[in-house]
Amino acid sequence: MPLCSVSIYEKVVPACPNYTCSISSRETHKFAVVYVAYGQEDKQTILSNPSGSAKFEQFVSGLGWEVDLATHEGFIGGLQRNGSNGVTAPYYCTSTLEVMYHVSTRMPAQSDDERHKKVRL
């Protein structure tokens, strides 16, 4: 990881997804983004959605940069790098903030155990 001064650190906003710095003074947040299809009312059905609508995907794509969890060096918000929580996730950062979005449709949920993992994250 490159070392950098605070003044350089504050200027890396456009390169955030690909830049790491030894200074870890940014706030970190994680948010769940859950797709609920029309007529869905129970948790098991909602968390089993393998994909969302076109409008949902458009919304998710506007949240931040799509990062590969296995190689992303920034904040991952409790998601696993081994693919058990999905392969990619939207990520956003500034010089003072990092946000990882946990998108339910990108996380595997073929068993009750996998659905339970979605709820716990």
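Let's start at the hairpin: strand 3 runs into strand 4 through 3 residues. Keep in mind that this is a predicted model. The two strands of the hairpin are antiparallel, with 3 bridges between them. To see one of these pairings, find Tyr91, whose bridge partner in strand 4 is Met100.

Now look at strand 1, residues 27-33. Strand 1 and strand 4 run parallel, and 7 bridges join them. A good spot to check is His29, which stands opposite Val99 of strand 4. So what does strand 4 look like from the point of view of burial, largely enclosed or not? Strand 4 covers residues 97-103, and 6 of its 7 residues are buried, so the rest of the structure largely encloses it.

Next, the charged side chains. Side chains of opposite charge can pair when their charged atoms come close. How many salt bridges does a search of the whole structure find? There are 3.

One of them brings us back to strand 4: the side chains of Arg26 and Glu98 meet in a salt bridge, at 3.8 Å from N to O. Arg26 sits in the loop between helix 1 (6-9) and strand 1, while Glu98 belongs to strand 4, so this pair links distant parts of the chain, 72 residues apart. Are these two partners buried or exposed? Buried means under 20% relative accessible area. Arg26 comes in at 15%, so Arg26 counts as buried. Glu98, at 9%, is buried too.

The remaining stop is Arg106. Arg106 forms a salt bridge with Glu57, with the closest N and O atoms 3.5 Å apart. Here too the pair links distant parts of the chain: Glu57 is in helix 3 (residues 54-61), Arg106 is in the loop between strand 4 and helix 4 (112-120), and 49 residues separate them. Arg106 also forms a salt bridge with Glu66, and there the closest N and O atoms are 2.7 Å apart. Glu66 lies in strand 2 (residues 65-68), 40 residues away from Arg106 in the chain. With shared partners, these salt bridges join Glu57, Glu66 and Arg106 into one network.

How accessible are the members of this network? Glu57 is partly exposed, with a relative accessible area of 28%. Arg106 is partly exposed as well, at 24%. Glu66 has 41% relative accessibility, so Glu66 also counts as partly exposed.

Conventions
Residues numbered from 1 in each chain as written. Predicted model: local features only at pLDDT ≥ 70, side-chain atom pairs only at ≥ 80, totals over all residues. Heavy atoms only, no water. Buried < 20%, exposed > 50% of the residue type's maximum accessible area, 1.4 Å probe, protein only. Helix = DSSP H or I, 4+ residues; strand = E, 2+ residues; numbered from the N terminus. Pairing = 2+ DSSP bridges. Salt bridge = Lys/Arg side-chain N within 4 Å of Asp/Glu carboxyl O.
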